[in-house]
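Subject: Structure handover

Hello,

Here is the structure you are taking over. Please look through it once before reading my notes.

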Amino acid sequence: MAHGQDERRKFPRSRSGFPGVYHAASPGLFNHVDNISCNGVLCHTSRRVEEMTKLNITLELPPDGESVEAEGVIVRCAPHPRGAEDRFSVAILFTKLDDDTHHAIHAYVEHDLSLRGN
């Protein structure tokens, strides 16, 4: 897969959002995913979450809702300029993905990028 020359990321990312992100310890914490790669995910939430918070999340990848689990750490939580439900953008760096999850995320991103001509 070809990527833009100024792309410095190790893994390509999909910029197609989807709603399926869950944190069992705090149901309803995350509203939706803004972008995802095999390195991490950018989510939106209605409340501030402390940076360096470790968590386990479940993602339901489009289009068929394949459920995958990941461990991560919040590396950024910043105010977001959009509406009331999206008050904060939360960047989660994956710290543990099993092989099946890595493959599923990679396949989703590659498929999404191919549909968008990236």
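The notes below go from the overall layout to single residues.

Confidence

This is a predicted model, so please read it together with its confidence values. The protein chain has an average pLDDT of 86, and 87% of its residues score at least 70. Among the secondary structure elements, strand β6 (residues 88-96) has the highest confidence, with a mean of 95, while strand β1 (residues 21-22) has the lowest, at 88. Residues 1-6 stay under a pLDDT of 50, and the model shows seven contacts for them beyond four places in sequence. Where pLDDT is low, the predicted coordinates should not be read in detail.

Overall layout

The protein chain contains one helix and six strands. Along the sequence they follow the pattern β-β-β-β-β-β-α. Of the 118 residues, 42% count as buried. The exposed area of the protein chain is about 7200 Å², and 48% of it comes from carbon and sulfur atoms. If you take the contacts between residues at least 6 apart in sequence, 54% of them join residues at least 24 apart.

The sheet

In what order do the six strands lie in the sheet? The order is β1-β4-β5-β6-β3-β2, in an open sheet with antiparallel pairing. The edge strands are β1 and β2, each of which pairs on one side only.

Although β2 (residues 30-36) is an edge strand, five of its seven residues are buried, so the rest of the structure largely encloses β2. A hairpin of three residues connects β2 to β3. The two strands run antiparallel and are joined by five bridges, with β3 covering residues 40-45. In one of these pairings, N35 has L42 of β3 as its bridge partner.

On to the next pairing: β3 and β6 are antiparallel over six bridges. L42 appears here as well, with A91 of β6 as its bridge partner. T45 is matched in β6 by F88. β6 also pairs with β5, in the antiparallel sense and over eight bridges. In that pairing A78 stands opposite S89 of β6.

Two residues in contrast

S89 and K54 are useful to look at side by side. S89 belongs to strand β6 and is buried, with a relative accessible area of 10%. Leaving out residues up to four places away in sequence, S89 touches L42, C43, H44, R76, C77, A78 and H80.

K54 lies in strand β4 (residues 54-61). Is K54 buried or exposed? K54 is exposed, because its relative accessible area of 72% is over the 50% cut-off. Not counting residues up to four places away in sequence, K54 touches G72 and V73. Its C-alpha lies 5.8 Å from that of G72, although K54 and G72 are 18 residues apart in sequence.

The core

The largest nonpolar core has 27 residues, and those with the most contacts inside it are F30, I36, I57, L59, L61 and I92. At least two residues of this core come from each of β2, β3, β4, β5 (66-79), β6 and α1 (99-116). Helix α1 gives the most, with five residues.

I92 is one of the residues with the most contacts inside this core. Beyond its neighbours within four places in sequence, I92 is in contact with F30, N39, G40, V41, C43, L55, I57, G72, V73 and I74.

The aromatic pair

How many aromatic pairs does the structure hold? There is one. F18 and Y108 form this pair, and the arrangement is edge-to-face, with 5.7 Å between the centres and 80° between the planes. Distant parts of the chain are linked by the pair: F18 sits in the segment before β1, Y108 sits in helix α1, and 90 residues separate them. F18 and Y108 are both buried.

If you want a starting point for viewing, try the sheet, then the core, then the aromatic pair.

Regards

How values were computed
Residues numbered from 1 in each chain as written. Predicted model: local features only at pLDDT ≥ 70, side-chain atom pairs only at ≥ 80, totals over all residues. Heavy atoms only, no water. pLDDT = per-residue confidence, 0-100. Helix = DSSP H or I, 4+ residues; strand = E, 2+ residues; numbered from the N terminus. Contact = heavy atoms within 4.5 Å. Buried < 20%, exposed > 50% of the residue type's maximum accessible area, 1.4 Å probe, protein only. Areas by Shrake-Rupley, 256 points an atom, 1.4 Å probe, with all protein chains shown as cover. Pairing = 2+ DSSP bridges. Core = buried A, V, L, I, M, F, W, Y, C linked by side-chain atoms within 4.5 Å. Phe/Tyr/Trp six-rings, centres within 6.5 Å; stacked < 30°, edge-to-face > 60°.
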